[in-house]
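Work through the exercises below with the sequence and the model open. Each task sentence is followed by a solution in steps.

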Amino acid sequence: MKNQITLTFPDNSTRTYPTGTTLLEVAESIGTRLAKDAVAAQINGKLTDLTEAIDIDADINIITGDSTEGHEVLLHSTAHLMAQAVKELFPNARVTIGPAIENRFYYDFDVENPFTDEDLVTIEEKMKELAQNDYPVKRKVFSKDEAIDLFKSMDENYKVEIIQEISPEEVLSAYQQDSFIDLCRGPHVPSTGRIKYFKILNSSGAYWRGDENNKMLQRIYGTVFNTKKELKEYLHMLEEAKKRDHRKLGKELELFAFDDEIGPGLPLWLPKGTIIIEELEKLAKETERKAGYQRVRTPHLTKGNLYEKSGHLKHYKESMYPAMDVDGIDYYVKPMNCPHHHKIYASVPRSYRDLPLRLAEYGTCYRYEKSGQLFGLMRVRSMQMNDAHIYCTKEQFKEEFLSVCQMYLTYFKIFGIDKYEMELCLHSSEGLGKKYVNEPELWIQTEQDVRKALDEGEINYTEKSGEAAFYGPKIDVQVWSTVGRKFTLATNQVDFAIPSLFGLNYTNERGEEATPLCIHRAPLGTHERFIGFLIEHYSADFPLWLAPVQVAILTVSEKVENYAKSVQSKLQNVDIRVDLDDRPDKIGAKIRLAELSKINVMLIIGEREAKENTVSVRRRFEGDIGSMNVDNLSSALVEEINQRRNTYRKEG
């Protein structure tokens with residue numbers, strides 16, 4: 001082995017070190033501040049621990065906690081710190097899994113009693129103590145049998161169950177700090193002292209492995225950041241998100257409801273919520289009509305052999321409702337519209353002159369989400385999808401695919417979505433034949449075609465391996481609400497496999513049969529998820545065009561009731577949604593109620609307004625606008641509504 005190694009840094013500078021130098025020593029040699037903030041490193045692009053010793057020439061990048069990769073390391077490391085605190089405070093607790101999720105981490109524990117708020121405070125204080133002790137964090141490697149023996153000796157049966165499912169050839173790693181040790185791929189911070197700015201958030205019940213047939217565990221959520229400022233900003237965002245929680249606002253504003261006798265995850269849309277649905281449908285139908293889509297309708301259930309042909313029974317059965325026996329034949333309620341649209345395509349002969357063919361439907365679908373995963377409108381079992389399938393030639397693919405992406409951007413502008421990200425989800429080779437259709441060459445070619453289209457369309461995107469649809473690569477659209485909360489909103493999928501399974505074809509210019517490509521797209525996702533997002537994005541202060549009640553007429557006294565009703569009639573005649581509050585209450589109380597109901601425009605009518613044929617206008621967040629002629633006001637409101645102006649307060 002040579003005595004020295006050469007390391008190349010991101011700026012292409014190089015340094016020489018003795019063989020066996022650790023990455024932490026490398027960081028310290030560059031600068032004490034960098035060494036203080038470093039949490040991991042990349043060796044030839046692979047993320048690894050700072051305690052790793054280097055014995056080869058390599059490209060090196062020191063990772064700090066303010067980077068995406070570094071934040072992930074902090075989250076994993078803090079999850080272990082929390083588990084250590086729980087084990088010291090509750091020695092009989094058994095640990096299960098503790099992954100990092102979006103800006104947070106959680107750990108599931110098997111404990112005798114649920115954690116109380118006081119317990120969470122105590123756990124956080126213990127974490128601070130353990131962090132200040134600055135325990136070294138050491139990586140250890142085990143064989144499968146060694147790992148099983150270790151965790152059996154610790155009476156950690158959940159860990160043993162996990163390990164038993166792992167291939168015997170796989171080398172397992174664990175991380176130890178003081179007496180606490182747990183499985184993890186890593187990397188982790190070099191010592192607990194690197195973990196400073198964290199917060200325990202809340203706890204909840206969670207079934208082991210998300211299966212309601214398993215034992216209920218106790219899950220603790222937490223977060224961590226590289227700086228005190230970042231932590232403070234995130235906690236502020238969470239407080240704002242709590243105020244905007246769509247479940248809370250949906251109930252208060254009578255938008256939707258759930259009922260135990262109907263079933264979990266099956267929302268009931270109340271009149272005001274239905275108005276929002278209809279406005280979204282109107283927008284989508286207008287947009288799609290201009291883009292050359294044709295509308296179709298399909299049934300809510302079908303024979304099982306349709307889903308055998310499409311592959312959904314093989315790849316998707318766990319998310320489908322069980323079959324129902326009808327005359328000895330299995331029928332399923334539909335989990336998606338795709339196979340039905342394929343049948344519509346196949347119902348008549350197609351020529352290249354018919355392509356691209358764009359079929360759109362607001363189809364209701366049903367998916368069996370596990371009860372522990374249901375979450376308000378964000379995760380439901382009954383949903384209406386803004387769905388469409390585009391059948392096109394390979395030559396038409398790029399233009400059609402980019403048109404869908406541009407449709408997303410148009411919607412984002414309408415709804416005031418300023419921050420978004422396109423994720424190109426790719427297959428993984430080890431999933432072929434299991435998670436994905438077994439067509440390796442088509443996967444590679446199609447993914448290259450999608451990349452090329454995105455690059456030529458100058459659309460920014462990131463790549464994510466192992467997250468493709470089973471029949472082709474897809475774009476998942478991530479958006480952020482006005483308070484910075486992230487949502488997965490929409491999808492744009494390329495299908496190179498299913499059209500041939502259904503025998504879909506068209507006659508090309510040479511009179512030969514050819515198979516079309518299919519693009520699955522849903523720019524607004526489902527009504528349920530999108531409206532849940534919009535409630536939180538707007539804090540239910542919807543723009544005028546989307547508001548369930550656009551105008552509230554508030555009378556000062558019963559003397560003006562007839563005039564108020566005439567104003568109501570005028571506005572309703574031009575399709576403005578109006579509520580009339582002519583109760584014998586004081587005008588101040590009526591204004592407060594309208595404000596609490598988040599009504600955009602309030603028209604106050606007293607004797608002077610009735611005499612002058614005017615109204616006194618008050619707008620939410622703006623206050624009193626002044627007196628206006630009813631006809632002029634009506635014209636101004638209609639213009640604002642028709643233009644779908646995105647008028648709402650961005651600050652929480």
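Two strands count as paired if DSSP finds at least two bridges between them. The model is a predicted one.

**Exercise 1. Determine how β4 and β5 pair, and place them in their sheet.**

Step 1. Strand β4 covers residues 38-43, and three bridges join this strand to β5. The pairing therefore meets the requirement of at least two bridges, and its sense is antiparallel.

Step 2. As a reference point for the register, Ala41 is opposite Thr48 of β5.

Step 3. The sheet is open, has five strands and reads β2-β1-β7-β4-β5, with mixed pairing. At its edges are β2 (14-18) and β5 (46-48), each of which pairs on one side only. Ignoring direction, neighbouring strands in this sheet are turned by 35 degrees against each other on average.

**Exercise 2. Find which strands helix α3 lies across, and give its angle to β4.**

Step 1. Helix α3 is made up of residues 68-89.

Step 2. The strands it lies across are β4, β5 and β7, the last of these being residues 58-64.

Step 3. Relative to β4, the helix runs at about 120 degrees.

**Exercise 3. Count the disulfides, and explain why Cys365 forms none with the closest cysteine.**

Step 1. A disulfide is a covalent bond between the sulfur atoms of two cysteines. The cut-off used here is a sulfur pair within 2.5 Å.

Step 2. Under this criterion there are zero disulfides. Cys338 takes part in none, and the nearest cysteine sulfur to it, in Cys518, is 7.4 Å away.

Step 3. For Cys365, the closest cysteine sulfur belongs to Cys338 at 8.0 Å, so the two are too far apart for a bond.

Step 4. Cys338 has 7% relative accessibility and so counts as buried. Cys365, at 0%, is buried as well.

**Exercise 4. Describe the protein chain as a whole: its domains, its extent and its surface.**

Step 1. The domain assignment gives domain 1 (4-64), domain 2 (69-238), domain 3 (256-298 + 337-538) and domain 4 (551-642). Between domain 2 and domain 4, the C-alpha centres are 56 Å apart.

Step 2. The secondary structure amounts to 20 helices and 35 strands. The C-alpha trace spans about 95 × 70 × 60 Å along its principal axes.

Step 3. Of the 652 residues, 51% are buried. The chain exposes about 31600 Å², with 46% of that area supplied by carbon and sulfur atoms.

Step 4. Taking contacts between residues at least 6 apart in sequence, 69% join residues at least 24 apart.

Key
Residues numbered from 1 in each chain as written. Predicted model: local features only at pLDDT ≥ 70, side-chain atom pairs only at ≥ 80, totals over all residues. Heavy atoms only, no water. Buried < 20%, exposed > 50% of the residue type's maximum accessible area, 1.4 Å probe, protein only. Helix = DSSP H or I, 4+ residues; strand = E, 2+ residues; numbered from the N terminus. Axes fitted to C-alpha atoms, helices over the stretch in contact; angles between N-to-C directions. Contact = heavy atoms within 4.5 Å. Domains from an automatic or database assignment. Areas by Shrake-Rupley, 256 points an atom, 1.4 Å probe, with all protein chains shown as cover.
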